[in-house]
Amino acid sequence: MRILGIETSCDETGAAIVDNGINIVSNIVASSQELHIKTGGIIPERAAREQVKSIIPVIEEALSPKTPDVDAIAVTVGPGLIGSLLVGVETAKTLAYIWNKPIIPVNHLLAHLYANWLENKNPPSFPLIALIVSGGHTELLLMTGHGKYKWLGGTRDDAAGEAFDKIARLLGLGYPGGPAIAVTAGKFTMRHTPNVIKLPRPMINSDNFDFSFSGLKTAVLREIKKTSLSHNQKFITNIAYEVQESITDVLVEKALRTARETNVKNIILAGGVAANQRLREKFKDAIKDRCSLFVPSPSLCTDNAAAIAACAFFNRNFSPWQKISVNPSLGL
Ligand code: KG4
Ligand code: ZN
């Protein structure tokens, strides 16, 4: 089955052709990130305006050189920014009407997980613990099959990606914050830094499956206020390093504890923060041979339409185009 996936939930515009939920025929992503760098974050109205301009060229590129015969169109219906979602959903409905094809509505959060099935000869098996770490979400799920899952816990305030983004902004490191903090953290050396600043690991030992990252941002703010060196490169690299260590320590510890307590042997990671190299290394080191770890390639961790098409294939809830509408606050 050949599916055209469309993704426009945030600032990316994506279109992809995926065969049988696994084989990527094409996967095109256009981002309006350049615009948001100037403002230090996304302005939803501007993101949607850019998506209106790029959606048709992106779909055309995904369908080229010759428009393939697709069996269905998959589109993100939520969660996300309403204006952005509308661009993808209305385009998908129009194509479904013209081509007389069904639509498969897709939950963006679940779609992130399906990046683990793409181009993977040994895809994850169930049951598994799924950790979704994106810009707006930090969620732990127990999955027992496609579309069969139990939500175990999530963040009580800021998501991991949101913490990276907000703290990067406080440090003047720009947007998106995760990659910016990762690059800066990589320059940190303990040896040349007197009085190394340590930051807390929020809720690392709490007796539940929840997270909280807003306190980390407050702790950084406190350090900035305490010093006259907040523009000093050593100070900034020290804080960036500790922020990355704190977030990755908490994510690894909590996900592993969840797997232990539920006696599940497979862990899958998904979402933009799963592209973080330090997080990937720490998971590999901590897991050893206790569990199997699945992580998509970094480019498939961040928003893309191939994951939308894969999710649609494995959860085939076909709908006529008339029944499809956006749901910005769609949950799990
Ligand atoms: O999944 P995603 O592309 O979009 C959402 O659905 O939110 O995730 C975006 C988030 C941003 O917060 C970004 O800073 C973070 O993922 N991110 C990273 C890295 N790449 C993207 N965080 C840490 N390290 C990275 N390498
Ligand atoms: Zn996402």
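A helix here is a DSSP run of H or I at least four residues long, and helices are numbered from the N terminus. Keep that in mind for labels like α5. One more thing before you click around: this is a predicted model.

**Stop 1: the largest pocket**

Start by selecting α5 (160-170). This helix gives six residues to the lining of the largest pocket, the largest share. Now add α4 and α6, since along with α5 they are the elements that give two or more residues to that lining. The whole lining has 42 residues, and Cys10, Gly135, Gly136, Asp165 and Tyr175 are the ones nearest the pocket's centre. Try colouring the lining by class: you'll get 14 nonpolar, 21 polar and seven charged residues. The space inside comes to about 1,100 Å³.

**Stop 2: ligand 1**

What takes up the space of the largest pocket? Ligand 1 does. Show everything around the ligand and you'll have 19 residues, with His112, Gly135, Asp165, Gly178 and Gly272 the closest. Colour this shell by class too: five nonpolar, twelve polar and two charged.

Next, zoom in on the oxygen atoms of ligand 1 and look for backbone partners:

- Glycine 178 has a backbone N or O atom 2.9 Å from a ligand oxygen.
- Glycine 272 puts a polar backbone atom 2.9 Å from an oxygen of the ligand.
- Aspartate 303 has a polar backbone atom 3.1 Å from a ligand oxygen.

How much of ligand 1 does the protein bury? On its own the ligand exposes 550 Å², and 86% of that is buried by the protein. To see which elements make up the shell, select α4 (108-113), α5 (160-170) and α6 (177-185), which each give two or more residues.

**Stop 3: the second largest pocket**

Move on to α7 (214-226) and α8 (233-262), each of which supplies at least two residues to the lining of the second largest pocket. The largest share, three residues, is from α8. Other stretches to click on include Thr193, Pro194 and Asn195, which are also in this lining. Sorted by class, the lining has four nonpolar, five polar and three charged residues. The pocket holds about 230 Å³ of space.

**Stop 4: the cavity**

How many cavities of 30 Å³ or more turn up in the whole structure? Just one. Select Asp207, Asn208, Phe209, Lys254, Arg257, Thr258 and Glu261 to see the lining of the largest cavity. Four of these lining residues are charged, two are polar and one is nonpolar. The space inside this cavity is about 30 Å³.

Note on methods. Residues numbered from 1 in each chain as written. Chains lettered and ligands numbered in written order. Predicted model: local features only at pLDDT ≥ 70, side-chain atom pairs only at ≥ 80, totals over all residues. Heavy atoms only, no water. Near = heavy atom within 4 Å. Polar contact = N/O pair within 3.5 Å; in protein donor to acceptor, adjacent residues only side chain to side chain. Areas by Shrake-Rupley, 256 points an atom, 1.4 Å probe, with all protein chains shown as cover. 1 Å grid on protein atoms, 1.4 Å probe; cavity = no way out; pocket = protein on both sides within 12 Å on 5 of 7 lines; lining within 4 Å. Sits in = over half its atoms within 2 Å of the grid points. Nonpolar A, V, L, I, M, F, W, Y, C, P; charged D, E, K, R; others polar. Points joined across faces, edges and corners; volume = space filled by probe spheres on them.
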